[in-house]
Amino acid sequence: MDLGIKDKRAIVCAASKGLGRGCAEALAAEGVSLVINARGEEALHQTARDIADRWNVEVIPVAGDITTEAGREKLLAAAGSVDILVNNAGGPPPGHWTDWTRDDFIRAIDANLLSAVAMMQACVPGMIEQGWGRVVNITSAAVRSPIAILGLSNTARTGLTGFVAGMSRDVAPQGVVVNNLLPGLHATDRAASLDSGIASRDGISIEEARARRQSTIPAGTYGDPSDFGAACAFLCSQQARFIIGQNLMLDGGALNVTI
Ligand code: NAP
């Protein structure tokens, strides 16, 4: 299917690996030129070269921390006006609800709520002006099905979900389509580090921790960044114009609900 977004321009945040990279790859495959971001410069530059070589599109890497104002300003200055924005950042660490301090909450809210809001505030007015835009926020399945040890993530991301519910409807009349994409378990470094945390907590091997988590997924395996990227590219497509303010679960059926 031609998604109709060839020659559009996108910012993909936190995209040197994992789900952000999956989204960047899938957009590049549709002929979208990219400005990608992550903190680690070397991996980011390598990813930019790989994607540009593979898909023959322009890919500009801008190293910086997306959770800081300075990191965002640098990224936005390099990108200029864009048609598509994919918001992403690292996830907060696991822990126990009794231990989290105000500072822990502020860090999580900065990373997984306020950074995405700031990027939308910076990019969406330009999209409104041109009468076309797409925003995908990478959140988490934990928004619909909480994971107790990821309470910092549950808290910050449900805040973003509430913001997007209202804002997406406000900008839809101007041709801007804003949605959230909710990863369940996908095989990335983040998933591997959570597997390893569970293994040491429960005194089991990492393989066993992963097998246990995998057994909760009807599709039978962890997802991968290309599954995730394909869904992201579709939400950025022309065909997605009637999908407004939705929360698309990409979890291999793990959430056992009727709707
Ligand atoms: P990942 O494989 O660890 O990749 C994270 C990417 O984000 C890397 O490119 C990393 O590069 C970049 N990054 C991290 N913090 C950043 C920051 N402050 N500023 C800019 N770039 C940053 O993680 P992932 O699995 O793709 O996860 C992406 C998001 O989805 C996370 O918020 C995660 O919590 C959430 N999620 C993932 C899963 C899953 O199963 N994978 C499930 C639910 C939710 P640098 O470290 O070099 O900055």
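Me: How many nonpolar, polar and charged residues does the shell around the ligand have?

Reply: By class (Ala, Val, Leu, Ile, Met, Phe, Trp, Tyr, Cys and Pro count as nonpolar, Asp, Glu, Lys and Arg as charged, and the others, Gly among them, as polar), the shell has eight nonpolar, 14 polar and six charged residues. This is a predicted model, in which local features need pLDDT of at least 70 and side-chain atom pairs count only at pLDDT 80 or more, while totals for chains, interfaces and linings use all residues. Residues are numbered from 1 along each chain as its sequence is written, and side-chain values use heavy atoms, with hydrogens and water left out.

Me: Which side chains have an N or O atom paired with an oxygen atom of the ligand?

Reply: A polar contact is a pair of N or O atoms within 3.5 Å; here the side chain of serine 16 places such an atom 2.6 Å from a ligand oxygen, and that of arginine 190 does so at 3.1 Å. A nitrogen atom of the ligand, in turn, lies 2.8 Å from a polar side-chain atom of aspartate 65.

Me: Why does the ligand lie between domain 1 and domain 2?

Reply: Domain bounds come from an automatic or database domain assignment, and the ligand lies between domain 1 (9-184 + 225-248) and domain 2 (186-222) because both give residues to its shell. Their centres, taken over C-alpha atoms, are 24 Å apart.

Me: How many residues of each domain are in contact with the other?

Reply: With contact meaning heavy atoms within 4.5 Å, twelve residues of domain 1 meet seven residues of domain 2.

Technical notes:
Polar contact = N/O pair within 3.5 Å; in protein donor to acceptor, adjacent residues only side chain to side chain.
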